[in-house]
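Subject: Structure handover

Hello,

Here is the structure I promised to pass on. Please open it first, then read my notes below.

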Amino acid sequence: AIMFNCTDLYIGWNVIHDTLQHNDDAGAIYCCGQDGRGWTDMRGTVIEHNFIHNSGRLPRSRSCMALYFDDSSSGIQARYNFINRADIGVCGGGGNLHLIESNLLVSCVSPLVQANRGVDTNFENGAKKGKEGPLWLQLVERSKNPSWVARFPETKRILAQEDGRFAHWPLFNRFVGNVEIGCGEDDPGRDVAKRGNFWADNLKLKDETGCRDFFGRDWTLEPGSRAFVALGGDLGFAKAGLYNSGRRFSPAVKFGETV
């Protein structure tokens with residue numbers, strides 16, 4: 001539904017449903033860090049208050065994510081999103097310094113995943129090159145610009161790694177304060193990835209969504225529900241999606257007819 005490849009974007013208040021019906025290895029909101037751009041070109045992007053329903057083929061999709069930060073994309077904040085029915089809710093495809101916090105994930109096979117794309121599959125050769133690899137060299141080049149360093153000072157933590165190959169593992173990502181309802185297990189990646197990232201205060205519930213009318217697709221959170229309390233309030237369903245305006249040629253609807 002949305003594909004992006006640049007820094008400092010704001011992606012918010014969208015209603016996205018029934019995407020990826022003929023795909024796998026795809027995301028409803030997606031970015032890709034190939035050609036050495038992963039550590040630099042998506043930083044500062046904020047993805048929040050989106051409502052993403054049914055990513056992938058029914059009855060169960062395969063390798064279809066709601067939020068997919070592929071191929072070492074880095075430095076993205078994903079917060080206060082509602083994700084219902086996806087194979088994977090949020091997938092960090094390698095990369096570093098993501099903040100994944102306070103999202104509500106329902107009926108996802110693997111709600112939160114930290115993959116190791118920076119060191120495996122088609123990135124393996126670049127990782128083996130360490131400080132001569134394209135990701136490292138691109139970050140070094142950007143860091144010669146004082147305005148870049150001022151905007152993204154946290155990238156110094158990557159360049160401070162003595163082991164250039166280790167720097168290609170997913171590092172300094174934070175998965176905190178998310179609520180998972182009726183989901184499978186999270187996948188924090190292999191042992192190196194587990195040590196390099198921070199997971200805390202993620203709440204797993206069995207079946208209480210806390211929504212006003214979950215099956216009627218009113219995903220306003222009821223005050224006092226466990227999800228409402230854990231997330232610090234409602235996620236803003238009433239405000240999300242199309243809205244009536246004199247500039248519109250058709251009425252605003254929350255969902256398309258085929259939802």
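**Helix 2 and its buried side**

In helix 2 (residues 134–142), the buried residues are Leu135, Trp136 and Leu139. They lie on the same side of helix 2, because they cover an arc of only 95° around the axis. That arc is taken over the directions from the helix axis to the C-beta atoms. An α-helix has 3.6 residues a turn, so residues three or four places apart point the same way. The buried residues of helix 2 pack against helix 3 (146–151) and helix 4 (156–159).

Some ground rules before the rest. This is a predicted model, in which local features need pLDDT of at least 70, side-chain atom pairs count only at pLDDT 80 or more, and totals for chains, interfaces and linings use all residues. Residues are numbered from 1 along each chain as its sequence is written, and side-chain values use heavy atoms, with hydrogens and water left out.

Three terms also need their cut-offs. Helices (H or I, at least four residues) and strands (E, at least two) are DSSP runs, numbered from the N terminus. Buried means under 20% relative accessible area, exposed means over 50%, and partly exposed is in between (1.4 Å probe, protein chains only). Contact means heavy atoms within 4.5 Å.

**Salt bridges**

How many salt bridges are there? The count comes to 9. The rule asks for a side-chain nitrogen of Lys or Arg within 4 Å of a carboxyl oxygen of Asp or Glu. Side chains of opposite charge can pair when their charged atoms come close.

Take Arg151 and Asp8 to begin with. Their side chains meet in a salt bridge at 2.5 Å, N to O. This pair links distant parts of the chain, 143 residues apart. Arg151 is in helix 3, while Asp8 is in the loop between strand 1 (2–3) and strand 2 (10–12). Arg151 is partly exposed, at 40% relative accessible area. Asp8 is partly exposed too, at 37%.

Next come Arg117 and Asp71, whose side chains form a salt bridge at 2.4 Å, N to O. Arg117 sits in the loop between strand 13 (110–115) and helix 1 (124–128), and Asp71 in the loop between strand 7 (64–70) and strand 8 (77–79), so the pair ties together parts that are 46 residues apart in sequence. Arg117 is buried, at 18% relative accessibility. Asp71 is buried as well, at 1%.

Then look at helix 1. Glu124 and Lys128 both lie there, 4 residues apart, about one turn of the helix. They form a salt bridge, with the closest N and O atoms 3.6 Å apart. Glu124 is partly exposed at 33% relative accessibility. Lys128 is exposed at 55%. Elsewhere, salt bridges that share partners join Asp70, Asp71 and Arg117 into one network.

**Three buried residues to look at**

- Thr19 lies in strand 3 (residues 15–19). Thr19 is buried, with a relative accessible area of 14%. Beyond four places in sequence, Thr19 touches Ala1, Ala28, Asn54, Ser55 and Gly56.
- Val106 is in strand 12 (residues 104–106). Val106 is buried at 2% relative accessible area. Its C-alpha is 6.1 Å from that of Arg85, though the two are 21 residues apart in sequence. Contacts of Val106 more than four places away include Phe82, Ile181, Cys183 and Phe214.
- Gly130 is in the loop between helix 1 and helix 2. Gly130 is buried at 7% relative accessibility. Leaving aside neighbours within four places, Gly130 is in contact with Trp136, Gly164, Arg165 and His168. The C-alpha atoms of Gly130 and Asp163 are separated by 7.3 Å, with their positions 33 residues apart along the chain.

**The cavity**

The count comes to 1 cavity of 30 Å³ or more. A cavity is a set of points, on a 1 Å grid over the protein atoms alone, where a 1.4 Å probe fits but cannot get out; lining residues have an atom within 4 Å of a point. Grid points are joined across faces, edges and corners, and a volume is the space filled by probe spheres set on the points.

The largest cavity holds about 40 Å³ of space. Asn54, Ser55, Gly56, Arg57, Pro59, Arg60, Ser61, Arg85 and Ala86 line it. Strand 6 (51–55) and strand 9 (82–86) each supply at least two residues of this lining.

Best wishes

Definitions and conventions: On a 1 Å grid over the protein atoms alone, a cavity is a set of points where a 1.4 Å probe fits but cannot get out, and a pocket is an open set with protein on both sides within 12 Å along at least five of seven lines; lining residues have an atom within 4 Å of a point.
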